[in-house]
Amino acid sequence: MRKRLIIIGALLVVVLLVLGACASTSAQDVKIIYIFYDGLVPRAESDEYVEISNLGDQAQDLAGWVLEDISEGYPSFTFPSYILAPGKSIRVYTNEYHPEWGEFSFEYGRAIWSNSEPDIAVLYNKQGKEVSRKSY
Ligand SMILES: [Ca+2]
């Protein structure tokens, strides 16, 4: 009887571990896929953007997620509540608003992404865990 309980307990642990792995996999399917670092707008390059895509099969709420230039440590952009559907992409512009891409902007008055020395962009989830990073 006691042995059976131990086996059932062990099986429960395995099931929970598998479920936990599945849950984190879906979050990791949201990725930075492109950095348009060489903006066409002279000097301010307000049209630079970072494109983020949901490559998984589950919708992801981006509330509290943070996108940051970790090469300088700033600026960082914190997402409001926004459901990113599977297969969809959004862009975070340096200082422009494009409703068709989710209307996200760093609202930064200068260029963020260096043209000469590649920066690294990192995306963190609301727990502060790194989800994706990309350079160019
Ligand atoms: Ca740039």
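Trainee: Let's start small: which residue in S8 stands opposite Tyr 93?

Mentor: Ser 105 in S8 stands opposite Tyr 93. Before we go on, note that this is a predicted model, where local features need pLDDT of at least 70, side-chain atom pairs count only at pLDDT 80 or more, and totals for chains, interfaces and linings use all residues. Residues are numbered from 1 along each chain as its sequence is written.

Trainee: How do you know that S7 and S8 pair?

Mentor: Two strands pair if DSSP finds at least two bridges between them. S7 (residues 89-93) and S8 are joined by 2 bridges and run parallel, so the pair meets that cut-off.

Trainee: And what makes a stretch a strand or a helix here?

Mentor: Both are DSSP runs numbered from the N terminus: helices are H or I with at least four residues, strands are E with at least two. The chain holds 1 helix and 10 strands, in the order α-β-β-β-β-β-β-β-β-β-β from the N terminus on.

Trainee: Why are S1 and S8 called edge strands?

Mentor: They belong to an open sheet of 4 strands ordered S1-S2-S7-S8, with mixed pairing. S1 (30-36) and S8 (104-105) each pair on one side only.

Trainee: What makes the pairing of that sheet mixed?

Mentor: S7 and S8 run parallel, whereas S1 and S2 are antiparallel over 6 bridges and S2 and S7 are antiparallel over 5 bridges. Partners help you find your way: Lys 31 has Ser 53 in S2 as its bridge partner, Glu 51 faces Arg 91 in S7, and Tyr 49 stands opposite Tyr 93 in S7.

Trainee: Which order do the strands of the antiparallel sheet follow?

Mentor: That open sheet has 4 strands in the order S5-S4-S9-S10. Its edge strands are S5 (76-78) and S10 (130-134), each pairing on one side only. S4 (residues 66-69) is joined to S5 by 3 bridges, and Leu 67 stands opposite Phe 77 in S5.

Trainee: Why is Gln 60 counted as buried?

Mentor: A residue is buried if 20 or more other C-beta atoms, placed from the backbone, lie within 10 Å of its own, exposed if 12 or fewer, and partly exposed in between. Gln 60 has 20 C-beta neighbours inside 10 Å, so it counts as buried. Gln 60 sits in S3 (residues 60-61), and its C-alpha is 6.6 Å from that of Ala 85, 25 residues apart in sequence.

Trainee: What makes S7 largely enclosed by the rest of the structure?

Mentor: Of its 5 residues, 4 are buried, so S7 is largely enclosed. Across the 136 residues of the chain, 26% count as buried.

Trainee: What makes a group of residues a nonpolar core?

Mentor: The members are buried Ala, Val, Leu, Ile, Met, Phe, Trp, Tyr and Cys residues joined through C-beta atoms within 7 Å. The largest such core has 23 residues, and Val 50, Ile 52, Leu 67, Val 92 and Leu 123 touch the most other members. S1, S2 (49-54), S7 and S9 (121-124) each supply at least two residues of this core. In soluble globular proteins, nonpolar side chains tend to be buried together.

Trainee: Which residues is Ile 52 in contact with, leaving aside neighbours within four places in sequence?

Mentor: Contact requires C-beta atoms, placed from the backbone, to lie within 7 Å. Beyond those neighbours, Ile 52 contacts Val 30, Lys 31, Ile 32, Ile 33, Ser 89, Ile 90 and Leu 123. For the chain, 55% of contacts between residues at least 6 apart in sequence join residues at least 24 apart.

Conventions: Two residues are in contact if their C-beta atoms, placed from the backbone, lie within 7 Å.
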